[in-house]
Protein chains: 2
Amino acid sequence: MAPATILDTTPVSNGASKATSSPAQLVKADSNKHDIVLKTFRLLIADLCQQFNGGHPGGAIGMAAIGVALWKYVMRYAPHNPTFFNRDRFVLSNGHTCLFQYAFLHLTGYKAMTFDQLKSYHSERVDALCPGHPEIEHEGIEVTTGPLGQGVANAVGLAMATKNLAATYNRPGFEGLVSNHTWCMIGDACLQEGVALEAISLAGHFRLGNLTIIYDNNQITCDGSVDLTNSENVNDKMRACGWEVIDVEDGCFDIAGIVEALEKARRSDRPTFINVRTVIGLDSKVAGTADAHGAAFGASEVANMKSRYGFDPEEKFVIGDEVRDFFSGLPERGEGYVEEWNRIVDRYEEVHPELGANFRARVAGKLSERWRDLIPKAGELPEAPTASRAASGMMINPIAKELESFVVGTADLSPSVHMTWPGKVDFQHPDLKTGCGINGNYSGRYVHYGIREHAMCAIANGLAAYSPGTIIPVTSSFFMFYLYAAPAVRMGALQRLQVIHAATHDSIGLGEDGPTHQPIELATLYRAMPNILYIRPGDSEETAGAWIAAIEAKETPTIVSTSRHKLPQIKGTSRDGVLRGAYVLRENDNAVITLLGVGAELSHVVGVAEKLAQEGVEARVVSFPSWRLFEQQPIEYRRGVLRRDRTSTVVIEPYAANGWERYADAGVCMKTFGHSLPGTAAYKYFGFDVDTLTERVKGYLGKIKEDELLRREFVEL
Amino acid sequence: MAPATILDTTPVSNGASKATSSPAQLVKADSNKHDIVLKTFRLLIADLCQQFNGGHPGGAIGMAAIGVALWKYVMRYAPHNPTFFNRDRFVLSNGHTCLFQYAFLHLTGYKAMTFDQLKSYHSERVDALCPGHPEIEHEGIEVTTGPLGQGVANAVGLAMATKNLAATYNRPGFEGLVSNHTWCMIGDACLQEGVALEAISLAGHFRLGNLTIIYDNNQITCDGSVDLTNSENVNDKMRACGWEVIDVEDGCFDIAGIVEALEKARRSDRPTFINVRTVIGLDSKVAGTADAHGAAFGASEVANMKSRYGFDPEEKFVIGDEVRDFFSGLPERGEGYVEEWNRIVDRYEEVHPELGANFRARVAGKLSERWRDLIPKAGELPEAPTASRAASGMMINPIAKELESFVVGTADLSPSVHMTWPGKVDFQHPDLKTGCGINGNYSGRYVHYGIREHAMCAIANGLAAYSPGTIIPVTSSFFMFYLYAAPAVRMGALQRLQVIHAATHDSIGLGEDGPTHQPIELATLYRAMPNILYIRPGDSEETAGAWIAAIEAKETPTIVSTSRHKLPQIKGTSRDGVLRGAYVLRENDNAVITLLGVGAELSHVVGVAEKLAQEGVEARVVSFPSWRLFEQQPIEYRRGVLRRDRTSTVVIEPYAANGWERYADAGVCMKTFGHSLPGTAAYKYFGFDVDTLTERVKGYLGKIKEDELLRREFVEL
């Protein structure tokens with residue numbers, strides 16, 4: 001057995017002292033206090049919802065005993081060091097029950113969660129720490145949840161992060177360096193969401209023994225009983241996916257049973273699913289019904305509950321001394337964990353100085369600046385036409401090969417997305433032997449996510465959320481399938497997580513796969529989404545710029561959007577230009593028109609300018625890979641690029657025009673879905689060949705001479 | 001046993017004659033022909049991919065025997081009457097194997113799929129019937145597939161349509177009126193996608209015995225063997241979800257075994273999962289590997305395959321007479337089905353004249369014009385402030401109650417979305433007894449989809465695709481969760497399916513649920529997506545207009561986007577105005593500014609105009625519920641509404657501005673995600689209260705006086 005000071009599978013020590021009692025022993029010793037603790041907690045939740053007559057009381061009340069088991073007996077965390085690196089991670093995937101977590105953060109001694117703050121739930125207080133769903137910005141919250149199912153996938157990512165870091169850094173005698181467990185609380189709803197089902201399947205495949213899902217099985221959703229929509233045998237389903245399953249029959253009161261299940265889960269070498277039967281809104285008059293889910297119980301019923309519990313019906317927010325006592329000592333216990341871990345790291349650095357320094361940097365979230373040298377310089381890029389998806393690989397592969405911060409993966413498109421590097425090792429359970437002979441281990445940093453785009457991006461959020469900057473996840477798929485993943489990509493942007501999405505096969509230029517695969521309107525979403533960079537580079541040099549922007553964006557996800565087909569290298573393109581969002585590619589002081597070109601079609605636009613020149617029409621060309629980066633530039637720069645004072649501006653991009661109206665007076669864009677044709681034929685079919693484009697642009701110049709008001713309207717050509 | 005003329009569970013008659021042989025007997029009689037048929041088919045696929053050196057040969061080749069079993073022996077369809085109402089539906093969820101379907105459509109005698117057309121796969125022919133993925137526009141294709149997993153959910157919808165129509169119209173002796181089966185072909189990938197997993201769970205719950213999934217289990221995906229990403233026991237998983245499971249060990253050759261499994265599946269009272277082991281790219285040198293998936297085999301290898309099969313390596317696209325003979329007679333058999341069914345319908349009309357007329361109308365896709373009378377008139381609407389989600393219910397509930405064309409459902413938000421009506425019956429298996437006591441039967445038209453937004457919308461596509469206009473599905477959820485469903489909503493738009501999405505809780509006005517639930521950028525996606533109406537009504541009268549537009553849009557999905565909170569009834573709003581997309585709500589000939597207001601914030605904008613007037617600034621107000629409808633108006637109308645020649649235009653909407661630049665010079669919009677606060681407080685926090693808005697608009701008028709160029713730029717206030 002490992003020494004008690006190593007935080008892997010050993011019993012929890014109670015506080016900083018060396019005396020250890022098993023959680024089971026501690027539960028037994030405390031058992032006479034549980035009744036008052038649970039009653040106090042449940043009434044507290046009822047009061048907090050009643051205060052502003054809203055919120056979600058039922059789930060939190062039903063889960064009270066689970067919370068006691070977790071926060072008091074099982075989870076290893078440090079309330080006064082909320083970001084302690086080796087802490088257990090807790091994810092509340094059923095985020096609407098956030099009061100559950102907020103109340104335990106308060107009771108266990110998180111400093112920010114004062115009693116006053118706890119009471120801010122549903123208030124008008126703009127600095128409240130108790131929003132309607134948990135938010136990563138706040139102490140003790142690992143990931144923002146709310147959209148159902150996301151948290152499950154985040155938890156898979158968090159558990160993968162632990163496995164990867166442990167396999168990379170842990171050494172004999174230092175099993176406690178990275179050894180935390182991830183606990184994910186879910187409700188009935190999460191088990192219905194596809195993103196969770198995808199992640200569950202993958203977690204079973206990866207045999208993530210350090211992951212536990214705790215299922216608040218109350219059989220109630222908004223519409224009524226779960227059997228309105230679900231008749232499956234969930235335990236069998238989880239077993240079929242490679243999970244251990246433990247049942248807890250009395251989840252409302254049996255703290256000892258829950259603790260036993262949780263401890264067993266921590267020791268399992270498979271992910272564990274604990275199916276805990278609870279009663280939503282226990283002991284209220286709406287107990288066990290959908291009415292307990294999303295509304296306060298009403299003042300009189302809250303008073304009745306108090307009377308039934310032997311509390312004063314007139315008093316609110318009562319937390320008695322014995323309950324305060326019950327939760328006291330947890331910050332000290334937490335500091336014990338922190339000190340133990342610090343000692344382990346110190347000793348590790350002595351024994352393994354190089355690894356130790358590397359580990360410290362990872363913990364600090366410091367990415368080696370070597371990445372800048374690893375990106376090919378302008379002169380080093382091949383001159384031959386290159387698909388920008390291949391150029392993407394040229395940029396990130398050498399970095400991913402050398403720098404362990406990068407965990408790169410794909411939704412089953414390895415042959416298409418160019419994200420592998422020589423000698424890449426797959427992230428896999430080390431015992432796995434695959435049919436195709438490609439094996440791996442947990443230190444591997446290439447992840448086969450399967451055909452699970454949504455889970456891929458939600459898991460990537462979990463990898464990034466493990467600790468800021470420790471892991472920079474890169475996902476990859478066809479751009480169109482980032483619509484499947486959009487809810488997760490959005491959550492990454494909302495949480496300010498650095499996740500890089502290598503999205504290939506953008507535009508109709510992808511060809512034969514047809515309109516189901518040709519993204520006409522998707523860029524519009526990502527250009528409108530706050531805090532995400534959508535970048536469409538036009539050639540290899542611009543692709544370098546896109547990756548530089550992505551790696552520099554420490555608090556922002558990026559989509560590097562690339563072509564399936566080969567693109568010529570365009571004279572004058574500039575990675576620095578990409579970093580400014582847009583820049584002048586062809587200046588012309590006599591220009592009457594400024595053409596905006598983007599990504600795979602930038603070379604078409606350069607061709608149009610040349611053809612216009614032959615026909616006596618002077619044009620400028622602006623390369624415009626990223627709206628968001630451009631918006632961040634000073635107005636003088638922006639005006640200098642666009643020159644709207646002196647030219648008409650026309651954008652050319654086979655996407656929906658929406659939003660280009662900000663920068664252009666007219667556009668050749670897509671008004672319909674695409675068409676299945678070879679790439680060049682698809683461009684021609686929709687008029688994106690140079691000849692047709694040139695005619696359209698000339699036509700526009702004619703039109704605005706005839707109708708002055710067109711200058712104030714965006715004209716689709 | 002039912003008479004042989006009723007197409008429910010009886011053996012297939014071979015042709016129009018009354019002599020019947022069971023499929024098993026037919027297979028046995030044919031067995032000496034199978035070898036040449038399979039070889040011919042496989043070489044045909046190899047040739048079709050080799051022709052333009054691209055495409056997906058491996059899956060189609062592996063599935064050849066499954067195809068023979070389906071099209072020759074088991075499926076009931078009519079090549080010369082491809083839209084025959086009671087035909088079995090076939091869905092190719094692994095749509096990239098489309099050649100599989102195209103080749104069988106050709107061989108079985110679909111008129112449009114000539115040999116010439118078959119050879120158009122991957123060609124530059126713009127009128128090709130062989131796009132890279134199957135498209136609903138073409139004969140014999142039930143739904144467009146390609147994005148993986150969608151087809152599974154579509155198939156669930158198709159099977160639900162049959163169940164619903166059968167329960168509504170079939171009567172004793174007329175079991176063959178609506179009795180078709182749905183067959184869904186899938187690959188390894190579909191089983192990993194969340195949308196499929198959601199739909200599978202729901203199909204098991206509904207016990208859709210008329211649905212069969214045929215799993216092309218070749219254990220290969222793009223990245224290599226499936227065990228790179230998946231270790232689950234799929235049969236156990238399907239059983240846990242309530243499916244029958246049948247294994248077929250030799251799926252490459254054992255046509256008899258496949259037929260037996262398919263026939264068993266047709267008779268099952270549960271959905272059936274047939275796990276068929278196949279070899280991708282069988283008999284090519286890349287057989288059983290990922291290389292067989294997405295690339296032609298190379299000319300020499302195709303020649304080698306031919307030599308090995310005893311074919312002339314120099315000859316291409318060979319379909320010998322014996323193979324032609326093998327597939328002959330299928331159109332005649334199909335006409336037999338059609339004639340039998342026509343006789344059933346004729347007899348049914350005699351016995352059940354009222355039902356019969358009703359059924360005929362449904363088959364013809366005719367919606368009773370009574371819906372117009374059922375929508376409340378302007379004078380009938382409550383004058384009290386009303387949440388537009390509640391107004392949505394007022395419009396659609398009376399229609400859904402009366403008109404059986406409507407199948408309304410929700411992703412577990414019945415209490416929130418107002419889509420139920422008095423006496424509504426749930427769509428459920430009649431034997432189901434739920435915990436909450438709400439039961440139903442298959443004639444029910446209210447669907448509890450569970451917390452499965454993505455599957456809900458993909459299933460709705462299947463309901464709509466069953467036969468044009470026969471069913472108009474209505475889905476419902478919070479607007480934000482139409483991001484989860486977006487890939488399916490997109491497929492509905494691409495397929496020109498009339499599906500109506502009742503999306504509630506739009507805008508930051510939803511309040512406490514916070515930024516995870518507040519849709520800032522999602523409308524931008526749907527406003528850019530081709531062929532979909534996104535409509536944000538501003539009060540009850542406008543909500544009537546939104547529903548009228550949605551019901552009139554026979555080939556276009558609609559999102560009716562409504563508020564959580566109560567909205568005042570605004571003087572002058574007009575349902576007819578909504579149908580034009582935007583209209584003048586407050587005219588003012590002296591106006592210097594036109595304010596564009598939308599949806600839940602329209603009343604704020606009216607308030608701003610009033611306040612501006614008090615301060616001596618004359619303003620017009622335009623209500624602007626739908627861009628797409630507005631774009632369909634003549635330019636004179638559009639110019640008359642916007643008056644950009646005489647006023648500055650400012651839009652006010654707490655969404656990302658992207659795209660408003662087309663109609664406005666400036667905007668008060670959202671640049672960040674939202675914030676968890678009570679609705680009114682959230683509006684104030686972001687400056688969307690009337691006072692702050694008024695100041696911002698006045699500020700803009702000041703700014704443009706100082707900087708003329710701002711008039712050419714969109715200004716975010």
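In this predicted model, B:Gln219 turns out to be partly exposed, with a relative accessibility of 35%. Its place in chain B is the loop that links strand E3 (211-217) to strand E4 (220-221). The backbone here does something a little unusual to look at: B:Gln219 is not a glycine, yet its phi is positive, at about 60°.

B:Asn53 tells a similar kind of story. This residue, again not a glycine, has a positive phi of about 55°. B:Asn53 sits in a loop too, the one running between helix H2 (34-51) and helix H3 (58-62) of chain B. As for the surface, B:Asn53 is exposed, its relative accessible area being 57%; that value counts as exposed because the cut-off is over 50%.

Helix H2, which comes just before that loop, also has a packing partner. Two packed helices are described by the angle between their axes and the distance between the axes. For H2(B) and helix H11 (residues 299-308) of chain B, the axes come within 10 Å and cross at roughly 165°. The pair is therefore roughly antiparallel, since angles over 145 degrees fall in that class. The crossing of H2(B) and H11(B) has a left-handed sense.

Who does the touching? On the H2(B) side, the contact is made by B:Leu43, B:Ala46, B:Asp47 and B:Gln50, while H11(B) brings in B:Ala299, B:Val302, B:Met305 and B:Lys306. Sorted by character, the residues of this contact between H2(B) and H11(B) come out as five nonpolar, one polar and two charged.

Key
Residues numbered from 1 in each chain as written. Chains lettered and ligands numbered in written order. Predicted model: local features only at pLDDT ≥ 70, side-chain atom pairs only at ≥ 80, totals over all residues. Heavy atoms only, no water. Helix = DSSP H or I, 4+ residues; strand = E, 2+ residues; numbered from the N terminus. Buried < 20%, exposed > 50% of the residue type's maximum accessible area, 1.4 Å probe, protein only. Axes fitted to C-alpha atoms, helices over the stretch in contact; angles between N-to-C directions. Parallel < 35°, antiparallel > 145°, perpendicular 65-115°, else oblique. Left-handed = near helix turned anticlockwise from the far one by under 90°. Contact = heavy atoms within 4.5 Å. Nonpolar A, V, L, I, M, F, W, Y, C, P; charged D, E, K, R; others polar.
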